[in-house]
Amino acid sequence: MKINEIKELDTKDLQERLETEVARLQQMKLNHAITPLENPMLLRQAKKDIARMKTELRQRELNK
């Protein structure tokens, strides 16, 4: 997910998307521990997307 897409979402949608992505990352980590993922770079990509979303939420919180 690109930063432009994140900025277009409203705060409520962004929070819901963040919760979904965190749950997906946890599931991917569990699956990877049992049987290695075909593409382990997906874990890194998910972490970066979560960080982008948290950063945007924090910026919105500070700008209020």
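**Asp-49 and Arg-52.** I started with this pair in the predicted model. Asp-49 forms a salt bridge with Arg-52, and their closest N and O atoms are 2.8 Å apart. I checked where the two sit: both are in helix α3 (residues 41–62), 3 residues apart, or about one helical turn. Then I looked up exposure. Asp-49 counts as buried because its relative accessibility is 6%, under the 20% limit. Arg-52 is partly exposed at 31%.

**Arg-60 and Glu-56.** I stayed in helix α3, where these two lie 4 residues apart, about one turn. Their side chains meet in a salt bridge at 3.0 Å, N to O. Are Arg-60 and Glu-56 buried or exposed? I found Arg-60 buried, with a relative accessible area of 16%. Glu-56 is buried too, at 9%.

**Glu-21 and Arg-24.** I moved to helix α2 (residues 11–34), which holds both residues, 3 positions apart. They form a salt bridge of 3.0 Å, N to O. Glu-21 is buried at 8%, whereas Arg-24 is partly exposed at 40%. I also noted a network of salt bridges that links Arg-17, Glu-21 and Arg-24. The count of salt bridges comes to 5.

**The whole chain.** I counted 3 helices and 0 strands, in the order α-α-α from the N terminus. The C-alpha trace spans about 45 × 15 × 15 Å along its principal axes. Of the 64 residues, 22% count as buried. I looked up the charges last: 14 are positive and 11 negative, and their mean positions are 7 Å apart.

Technical notes:
Residues numbered from 1 in each chain as written. Predicted model: local features only at pLDDT ≥ 70, side-chain atom pairs only at ≥ 80, totals over all residues. Heavy atoms only, no water. Buried < 20%, exposed > 50% of the residue type's maximum accessible area, 1.4 Å probe, protein only. Lys, Arg positive; Asp, Glu negative; His and termini not counted. Charge placed at Lys NZ, Arg CZ, Asp CG, Glu CD. Salt bridge = Lys/Arg side-chain N within 4 Å of Asp/Glu carboxyl O.
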